[in-house]
Amino acid sequence: MVADRFARFRGERVAFVCNQASVDADFRHLIDLAQEAGVEIACAFGPQHGIWGHTQDNMVEWEGYEDPRTGLRFYSLYGEHRSPTEESLKGVDRLVFDVPDVGARYYTFIWTLANCMSACTQNQVQVTVLDRPNPINGTDVEGPVMQPAFASFVGLYPLPARHGMTVGEVGNYLQRDHIQGCDYSVVELTGWQRDMFFQGIGLPWVAPSPNMPTADTALVYPGMCLLEGTNLSEGRGTTRPFETFGAPWLDGRELSKRLNDLALPGVSFRPTTFEPTFQKHAGKVCEGCFIHVRDRKAFHPVLTAIAVITASREMGNGKFEWRQPPYEYEYERLPFDILAGNEWLRHAIEEATSLGTIQERISQETAAFEAVRKASLIY
């Protein structure tokens, strides 16, 4: 796109959906590159955490302002409006989406894309995704698959917890199965192979959200985000969220021993002590573990997180709890069920169902979704 000075957008009035990670390999931002190339930019939209990634956690953000540096109107898609309004799309020919994803259903950016596609379909606006690599590869997929009754902003439509697609491919799935009629296209990747992890791509990592500091974080996230539905700290308020977890009432050494004794594939657990600076257990000393992924290909993030929750619950002496609503604009269902996309997983943990039995059901759901997924793939 940069090499041909955004030629395909000439003669069009374009709106961008972007954030601080919407940069090229030399850290030049999409908006700056497009303005320098003479693209007529109508406005820009920011997903959760804002266009510059400046809002922490799940804070509801600003509704819009005139950016003094670029002269553009900036709108938030994570506040009162999670979709572009008719007014904001007035005079727009094409909405261009360039927000890096991390390969997990819970990450809200792909659902911002879904909302944009729906709004643009209603307002006769074209949608184009500038595709980016899935940082945890595009081959490995792990359920469970979200049930439609559990739709939320961490899963508007059925996808496995680890979906194994690029943003452009997720858009293909949405356009084909759920948002028919959307005038949708993808600017495809070059040089990417499906089995690549981000560490082997050769591009710089720019944190797509405040609690996604490294590509290693992205790898554990499809499982460890489930801890958001419990009273376990998922490490927010530390320098390594999602890789760090625990609670004030846990024994980190005993927990690490229990988890390491399970010999889960590709991962080891190190006991750790930490004090979150915000969110759960802020200012309290917690014990728990740090996750060390030794073999990225063998590692199963969802199975690992279920083992973490199960062991922590067993060791909690009644102090482990499922988090209560609200969560991500949902006020009725338990946050864990919203994240899991079902109730069966929580019940299985409560009933001390074996990891093997849980893994079998997850694998069945993953396999059942594979034909839908394959129909959406580009690469």
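Guide: Helices here are DSSP runs of H or I with at least four residues, strands are runs of E with at least two, and both are numbered from the N terminus. By that numbering, Gln279 is found in the loop between strand 11 (267-274) and strand 12 (286-293). The model is predicted, and local features need pLDDT of at least 70, side-chain atom pairs count only at pLDDT 80 or more, while totals for chains, interfaces and linings use all residues. Residues are numbered from 1 along each chain as its sequence is written, and side-chain values use heavy atoms, with hydrogens and water left out.

Visitor: Why does Gln279 count as partly exposed?

Guide: The relative accessibility of Gln279 is 25%, and a residue is called buried under 20% relative accessible area, exposed over 50% and partly exposed in between (1.4 Å probe, protein chains only). The value for Gln279 falls in that middle range, and therefore the residue is partly exposed. The backbone of Gln279 also deserves a look, since phi is positive there, about 65°, although the residue is not a glycine.

Visitor: What makes Ala352 exposed?

Guide: Ala352 has a relative accessible area of 57%, so the value lies above the limit for that word and the residue is exposed. Ala352 lies in the loop between helix 8 (344-350) and helix 9 (355-374), and phi of Ala352 is near 55°, again a positive value in a residue other than glycine.

Visitor: Why is Glu87 called exposed, and why is Val92 called buried?

Guide: Glu87 has a relative accessible area of 53%, and therefore it passes the limit for exposed residues. Val92 has a relative accessible area of 6%, and therefore it falls under the limit for buried residues. Glu87 is placed in the loop between strand 4 (73-76) and strand 5, and Val92 is likewise found in the loop between strand 4 and strand 5. To see where these two residues stand, take one C-alpha distance for each of them. From Glu87 to Met224, which is 137 residues away along the chain, the C-alpha atoms are separated by 38 Å. From Val92 to Cys43, which is 49 residues away along the chain, the separation is 8.7 Å.

Visitor: What makes the aromatic pair of Tyr107 and Tyr221 edge-to-face?

Guide: Rings of Phe, Tyr and Trp (its six-membered ring) pair if their centres lie within 6.5 Å, and planes under 30 degrees apart count as stacked, over 60 as edge-to-face and the rest as tilted. For Tyr107 and Tyr221 the centres are 5.6 Å apart and the planes meet at 80°, so the rings pair and the pair is edge-to-face. The two rings come from distant parts of the chain, 114 residues apart: Tyr107 belongs to the loop between strand 5 (94-98) and helix 2 (109-122), and Tyr221 belongs to helix 4 (residues 215-224). Both Tyr107 and Tyr221 are buried.

Visitor: Why is the pair of Trp322 and Phe336 called tilted?

Guide: The ring centres of Trp322 and Phe336 are 4.7 Å apart and their planes stand at 50°, an angle that fits neither the stacked nor the edge-to-face range, so the pair is tilted. This pair also links distant parts of the chain, with Trp322 in the loop between helix 6 (301-315) and helix 7 (335-340) and Phe336 in helix 7, 14 residues apart. Trp322 is buried because its relative accessible area is 11%, and Phe336 is buried because its relative accessibility is 0%.

Visitor: How many aromatic pairs does the structure hold, and which residues do ring pairs link into a cluster?

Guide: The structure holds 17 aromatic pairs. Ring pairs join Tyr106, Tyr107, Phe109, Tyr221 and Phe242 into a cluster.

Visitor: How do you know that helix 6 is close to its expected reach?

Guide: The expected span of a helix is 1.5 Å times one less than its number of residues, and for helix 6, with 15 residues, 21 Å is expected. From the first C-alpha of helix 6 to its last the reach is 21 Å, close to that expectation. Helix 6 is mostly covered, with 13 of its 15 residues buried, and just after helix 6 comes Asn317, with a positive phi of about 50°.

Visitor: Which peptide bond from Pro325 is cis, and what kind of bond joins Gly143 and Pro144?

Guide: The bond from Pro325 to Pro326 is cis, with omega near 5°, and Pro326 is placed in the loop between helix 6 and helix 7. Gly143 and Pro144 are joined by a cis peptide bond with omega about 5°, and Pro144 is found in strand 7 (residues 142-145).
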